[in-house]
Amino acid sequence: MEPKPWLRALIPYPPGKTLAEIKKELSLDGPIYKLNSNENPLGPSPRVISALAETLGEIHLYPEASYLTLREAIGKKFSVSPEEVILGNGSNEIIEFIFKAYIDEDDTIIVSKPSFLMYEKFAQIYGIKTVEVALRKDYKHDLESILKAVSPNTKAIFLDHPHNPTGSTLTWDEFTDFLKEVPQSCFIILDEAYGDFVEDPNVIRGIELFKKYPNLIVLRTFSKAYGLAGLRLGFGIAQNPIIDNLNRVRQPFNVNILALKAGLAVLEDSEYVKKYIKLVSDGRNFLQKELELLGFKVYPSQANFIMVDFGGTCEELYSYLLRKGFILRPLKAYGFETALRITIGTEEANKALVKEIKNFLLQKA
Ligand SMILES: Cc1ncc(COP(=O)(O)O)c(C=O)c1O
């Protein structure tokens, strides 16, 4: 049996390796600093652990079908109505809902090149053409060129914001000027997986814009700031008619009962989230300063990672750090031959990383 013809060319998403896989592959016995998938290095919130322990005895039951409790809690936190919220098995699933509900075979989507790979992967799965627009020289989304690329067939523009892997962002003026120009028949999907880490007030927050723009969909996730990557929980925010249509293609019980209870618990643990956001802000400043002092180009980031250009020693440094237990993300596949993406770690991890990079440079000298 052959798959659909367009699936033959599809290469599945290349995920970061798990700790167990890395330990096995490298036979490492010292500490391992997993800085390749932008996960929360603090571990889960203690409230989540208690909530999960309490819920284990209920896993023979389906979860609440409407997820109203969690949609209400999200609504309260982000000042939106529960009717403007849809939950997904990770925010990835909401990207898929958009394809299922709205994007036809004759439609096209626009993405920046490079950007988060799943937009293009879903387009390939559904047999939809992707138009790629290069980032600007400063690695921001090139909104002007994106507008020029919009055609009557363009159904959706996907923008990861902050951008993955560069960490770049957009200002209010830049983005609202763009929103005004995009035809109403085309969705703008603002994927704010890293939105919780933005501290610059000049940087847009989609949640404050969607009520004014009926074609704007904002995506958020519990995988990053909320420390629930392994449970898979994300949400979309948009005006209610869009949410209603996305719900038509959502399977019943798409979010499992553990993810549901964990989401409710972590929303009550604002101290945990605040602590992590501060850790990211401090760690980002620390790594930026230290790596710049060592002569490397660090790109400004408002996310929980930074992209660093290590020049000609990039590959060698990557392998050296791997042997020392530091797992970073190479960015060759994204077109950045000499850069690595580093997830901001704990204070201890960040210091140890800088120390090891200095050791590497000393050896090279
Ligand atoms: C820009 C972006 N969007 C979405 C996701 C996926 O989020 P989730 O775990 O909620 O599916 C990621 C994960 O790395 C990401 O970088």
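Start by colouring the protein chain by domain: the assignment gives domain 1 (5-44 + 271-364) and domain 2 (46-269), with bounds that come from an automatic or database domain assignment. This is a predicted model, where local features need pLDDT of at least 70, side-chain atom pairs count only at pLDDT 80 or more, and totals for chains, interfaces and linings use all residues. Residues are numbered from 1 along each chain as its sequence is written, and side-chain values use heavy atoms, with hydrogens and water left out.

**Stop 1: between the domains**

Place a marker at the C-alpha centre of each domain, and the two lie 24 Å apart. Then show the interface: 33 residues of domain 1 are in contact with 34 residues of domain 2, where contact means heavy atoms within 4.5 Å.

**Stop 2: Tyr272**

Select Tyr272, in helix H10, which covers residues 270-293. Helices (H or I, at least four residues) and strands (E, at least two) are DSSP runs, numbered from the N terminus. Tyr272 is buried, at 9% relative accessible area; buried means under 20%, exposed over 50% and partly exposed in between (1.4 Å probe, protein chains only). Its side chain makes a polar contact with the side chain of Asn40 at 3.0 Å. A polar contact is a pair of N or O atoms within 3.5 Å; within protein, one must be able to donate a hydrogen and the other to accept it, and residues adjacent in sequence count only if both atoms are side-chain atoms. Now add Tyr226: Tyr272 and Tyr226 are 46 residues apart in sequence, and 8.2 Å apart in space, C-alpha to C-alpha. Leaving aside neighbours within four places in sequence, Tyr272 is in contact with residues including Leu42, Pro44, Tyr226 and Val266.

**Stop 3: the ligand**

Which residues come nearest to the ligand? Of the 13 around it (a heavy atom within 4 Å), they are Ser91, Asp191, Tyr194, Thr221 and Ser223. Try three distances to ligand oxygen atoms:

- Ser223, from a polar side-chain atom: 2.6 Å
- Ser91, from a backbone N or O atom: 2.7 Å
- Asn92, from a polar backbone atom: 3.1 Å

The protein covers 93% of the 400 Å² of accessible area that the ligand has on its own, by the Shrake-Rupley method with a 1.4 Å probe; for residues, only the protein chains shown count as cover.

**Stop 4: Thr221**

Stay with Thr221, in strand S7 (residues 216-221). Thr221 is buried, with a relative accessible area of 3%. Its side chain reaches the backbone nitrogen of Ser223 at 2.9 Å and the backbone oxygen of Leu233 at 3.5 Å.

**Stop 5: the nonpolar cores**

Show the largest nonpolar core, which has 78 residues. Such a core is a set of buried Ala, Val, Leu, Ile, Met, Phe, Trp, Tyr and Cys residues joined through side-chain atoms within 4.5 Å. Phe175, Leu216 and Ile342 have the most contacts inside the largest core. Its largest share, seven residues, comes from helix H10, and the core draws at least three residues from each of domain 1 and domain 2. A second, separate core of 26 residues includes Tyr102, Ala156, Phe187 and Leu246.

**Last stop: Thr343**

Finish at Thr343, in strand S13 (residues 339-343). Thr343 is buried, at 1% relative accessible area, and its side chain makes a polar contact with the side chain of Asn38 at 2.8 Å.
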